[in-house]
Amino acid sequence: MKTLYLWVSGKDWTPFQYNELSELAAEFEARNIKLGNGCELGNWCKLGNRCELGNGCELGNRCELGYECKLGNLCELGNGCELGNWCKLGYECKLGNLCELGNGCKLGNLCELGNGCKLGNWCELGYECKLGNWCELGNGCELGNWCKLGNGCELGYECKLGNWCKLGNGCKLGYECKLGDGCKLGDGCKLGNGCELGDGCKLGNLCELGNGCELGNRCELGNGCKLGNGCKLGYECKLGD
């Protein structure tokens, strides 16, 4: 038995239990809600645990989805949406500003997240994902190749970023994070202890690296950067003034 929260006049959000979505066809029709491929849900919608929405779904602002929800490809979520733990989103999904995702969520390739989004621990993002400014990712998150993060983003410890990722200015990474080859970090970024950067990475001006960090070959650091104790640099690395 599953639960879906729907609005009932005079009763606020009301849970409806069902085995098959077809059982709620009349309720959906009365509220102009469509599920399946190309489904559309209104603002402030609440869907229960382990819900599944088809491809091309559109959810309005401030929607809340429970644990283990699955959204198909090309889905769009409005501003301020909240997703529970272990949710899965297909490729090319778009999330608005200030969205929150729980622990263990998985996002497909080419996903886009707006400004101020928060992701829990152990989340996974596919390649070429884009995150807006001031986003926060928990511990142990993994991002695929060619991902882009805006200014002021924060990542927890033991996060992994693929090759050729780009981070904006003022980003912060926890300890023992790993970045692939060819990554670029903006000015004023801070990396915790024990972080590792692949070959050909570039760091902007005034960046700070904690103790025991390791940089691959042919890395470049901008002016005014600070390296902690015991850091190691590969061959042909360049340090600014």
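**Entry 1: N85**

I began with N85, which is buried at a relative accessible area of 16%. The cut-off for buried is under 20%, so 16% qualifies. The model I am reading is a predicted one. I found N85 in the loop between β10 and β11. I then listed what N85 touches, leaving aside neighbours within four places in sequence: Y67, E68, G102, N103 and C105.

**Entry 2: the chain as a whole**

I stepped back to look at the chain. I counted one helix and 36 strands. I noted that the C-alpha atoms fill a box of roughly 70 × 30 × 25 Å along the principal axes. Of the 241 residues in the chain, 45% are buried.

How much of the contact list comes from residues 24 or more positions apart? Taking the contacts with a separation of 6 or more, I read a share of 2% for such residues.

I looked up the surface next. The accessible surface comes to about 11,900 Å², and carbon and sulfur atoms hold 43% of that. For charges, I have 25 positive and 31 negative, and the mean positions of the two sets are 2 Å apart.

**Entry 3: Y67 and W86**

I went looking for aromatic pairs and the count came to four. One of them is Y67 with W86, an edge-to-face pair with 6.3 Å from centre to centre and 65 degrees between the planes. Y67 sits in the loop between β7 (64–65) and β8 (70–71), and W86 in the loop between β10 (82–83) and β11 (88–89), so this pair ties together parts 19 residues apart in sequence.

Are the two residues buried or exposed? I found Y67 partly exposed, at a relative accessible area of 42%. W86 is also partly exposed, at 46%.

I checked the backbone of W86 as well. Its phi is positive, about 60 degrees, although W86 is not a glycine. Y67 had already come up in my first entry, as one of the contacts of N85. N85 lies in the loop between β10 and β11, and W86 has its place in the loop between β10 and β11 too.

**Entry 4: W146 and W164**

I turned to another ring pair. The rings of W146 and W164 have centres 5.3 Å apart and planes at 15 degrees, so I record the pair as stacked. W146 lies in the loop between β20 (142–143) and β21 (148–149), and W164 in the loop between β23 (160–161) and β24 (166–167). The two are 18 residues apart, and the pair links distant parts of the chain.

I looked up exposure here too. W146 is partly exposed at 39% relative accessibility, and W164 is partly exposed at 40%.

Which residues do ring pairs join into a cluster here? I found Y127, W146 and W164.

**Entry 5: N133**

I moved to N133, in the loop between β18 (130–131) and β19 (136–137). At 22% relative accessibility N133 counts as partly exposed. Since buried requires under 20%, N133 falls outside that class.

Not counting residues up to four places away in sequence, N133 touches N115, G116, G150, N151 and C153. I looked closer at N151: its backbone nitrogen lies 2.8 Å from a polar atom of the N133 side chain. I also took the distance to E154, which is 21 residues from N133 along the chain; the C-alpha atoms of the two are separated by 9.7 Å.

**Entry 6: T14 and L21**

I then went to T14, in strand β2 (residues 12–18). T14 is buried, with a relative accessible area of 18%. Leaving aside neighbours within four places, its contacts are L4, Y5, L6 and V8.

L21 lies in the loop between β2 and α1 (25–30). Its relative accessible area is 30%, and L21 is partly exposed. With neighbours within four places left aside, I found L21 in contact with F28 and L35. The C-alpha atoms of L21 and Y157 are 40 Å apart, with their positions 136 residues apart along the chain.

**Entry 7: L98**

What is the phi of L98? I read a positive value near 60 degrees, in a residue other than glycine. L98 is found in the loop between β12 (94–95) and β13 (100–101). The relative accessible area of L98 is 58%, and the cut-off for exposed is over 50%, so I entered L98 as exposed.

Definitions and conventions:
Residues are numbered from 1 along each chain as its sequence is written. This is a predicted model: local features need pLDDT of at least 70, side-chain atom pairs count only at pLDDT 80 or more; totals for chains, interfaces and linings use all residues. Side-chain values use heavy atoms; hydrogens and water are left out. Helices (H or I, at least four residues) and strands (E, at least two) are DSSP runs, numbered from the N terminus. Buried means under 20% relative accessible area, exposed over 50%, partly exposed in between (1.4 Å probe, protein chains only). Contact means heavy atoms within 4.5 Å. Accessible areas come from the Shrake-Rupley method with a 1.4 Å probe; for residues, only the protein chains shown count as cover. Lys and Arg count as positive and Asp and Glu as negative; His and the chain ends are not counted. The place of a charge is taken as NZ of Lys, CZ of Arg, CG of Asp or CD of Glu. Rings of Phe, Tyr and Trp (its six-membered ring) pair if their centres lie within 6.5 Å; planes under 30 degrees apart count as stacked, over 60 as edge-to-face and the rest as tilted. A polar contact is a pair of N or O atoms within 3.5 Å; within protein, one must be able to donate a hydrogen and the other to accept it, and residues adjacent in sequence count only if both atoms are side-chain atoms.
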